[in-house]
Amino acid sequence: MTSQTAVVLGCKGQDGSLMCKSLLDKNYKVIGLIRGELKKHSNLHRLGIEKDIEVKIGDIRNFNDIHRLLENNRPKCVYNLAAQSSVGKSFINPNESIETIVNGTMNILNVAKTLDYSGQLFFAGSSEMFGNTEGGANSEHVQNPVSPYAIGKQASFNLVKLYRERFNLKCVTGILFNHESHLRDKNFVTHKIIQGAIGIANKKQTNKIKLGNINVIRDWGWAPEYIEAMQLVANSKQLKDHVICTGKPNSLKSFINKLFTFLNLDWHDYIEIDPALYRPNEIEISYGDPLPIFENLGWKAKEDIDSIIEKLIISTDINN
Ligand code: GDR
């Protein structure tokens, strides 16, 4: 039997590479799109799958690139996991955030509409579009984005909804809360802290770890299981946007405390607060409501902050 084809836009990031691996495990033919060249130590290489997927070069903002990809391959499903993903960087280069997130989404939707594409389109949304959450946020939560990144994600979410309701495209957004793995880029706080803490524990690092605001509260989940949730949201006949979260709020300070305690170290000796790392605008508290996705699709996060820290310590390569 010929296997079905799935397209992963942004296939070398944390989520893109994990999505490719999961789809390959389910016997899909996987086509991945990247903007530049595939570097030697990409996440695809680290997962040992760079030869198992078909990698194409292209840009989600380019009509012809996406048109060619969809028309030639007629995939069952397209996962848009491309675009700039750092909230911090979006304050430094807002144009790139808005262009990749909003124009990218718009372009993919327009290509799909032009081709009368009947497969599923999944878009990675972000809890950042809610701003501070009042209790655990579900997909109907009031939206108050406070960064260029979040403003882009809010626009993307609303475009997807519009094209689903107005043009009958099978497109949905999975609104993702923070989700981590050893494939995280070091721009993100969990990877930065884990790398530093392991370096300190192994006596390879003597400098303190400099951080911004550690009083923030977030809902941290385990990326590999969020990939499975994304597929459920994408494949569901309900065509409904869903929040993907654990529902458990934790402060960054408690993440740090748990991690250093695990390594038998006192974090107070190794963390330095650097006001220069504070963001111009910050979300103080953000966590989701895990019930809708459980009730509608039967998905529930299995990993919590403690097991995530343990997994990150075991799997992190401090040279990456
Ligand atoms: P976030 O992730 O912005 O929540 O976006 P990040 O790990 O960058 O920040 C989490 C929180 O930690 C605070 N913080 C620091 N952050 C970084 N990067 N570096 C620091 O030194 C530091 N010190 C404190 C931040 O201010 C923030 O409050 C992630 C991304 O995956 C997005 O793509 C996704 O949409 C959201 O999660 C949900």
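Helix α1 (residues 14-25) lies across four strands, β1 (5-9), β2 (29-34), β4 (77-80) and β6, and runs at about 170° to β1. Helix α8 (residues 223-235) also packs on the sheet, where it touches β4, β5 (120-126), β6 and β11. The direction of α8 makes about 130° with that of β4. The model is predicted, and it includes a ligand with 23 residues around it.

**Sheet**

- The sheet is open and has seven strands in the order β3-β2-β1-β4-β5-β6-β11, with parallel pairing.
- Its edges are formed by β3 (54-57) and β11 (242-244), each of which pairs on one side only.
- On average, neighbouring strands of the sheet are turned by 25° against each other, with direction ignored.
- In general, strands of a sheet pair through backbone hydrogen bonds, in either a parallel or an antiparallel arrangement.

**Pairing of β6 and β11**

- Strand β6 (residues 170-176) pairs with β11 in the parallel sense, over three bridges.
- L176 stands opposite I244, a residue of β11.

**Ligand shell**

- Of the 23 residues that surround the ligand, the closest are S85, S126, Y149, R279 and E282.
- By class, the shell consists of nine nonpolar, seven polar and seven charged residues.
- Helix α7 (189-201) and strand β8 (209-211) each contribute at least two residues to this shell.

**Polar contacts and cover of the ligand**

- In the side chain of E282, an N or O atom is 2.5 Å from an oxygen atom of the ligand.
- At N187, a polar backbone atom lies 2.8 Å from a nitrogen atom of the ligand.
- At V189, a backbone N or O atom is 2.9 Å from an oxygen atom of the ligand.
- On its own the ligand has 700 Å² of accessible area, and the protein covers 94% of that area.

Note on methods
Residues numbered from 1 in each chain as written. Predicted model: local features only at pLDDT ≥ 70, side-chain atom pairs only at ≥ 80, totals over all residues. Heavy atoms only, no water. Near = heavy atom within 4 Å. Polar contact = N/O pair within 3.5 Å; in protein donor to acceptor, adjacent residues only side chain to side chain. Areas by Shrake-Rupley, 256 points an atom, 1.4 Å probe, with all protein chains shown as cover. Nonpolar A, V, L, I, M, F, W, Y, C, P; charged D, E, K, R; others polar. Pairing = 2+ DSSP bridges. Axes fitted to C-alpha atoms, helices over the stretch in contact; angles between N-to-C directions. Contact = heavy atoms within 4.5 Å.
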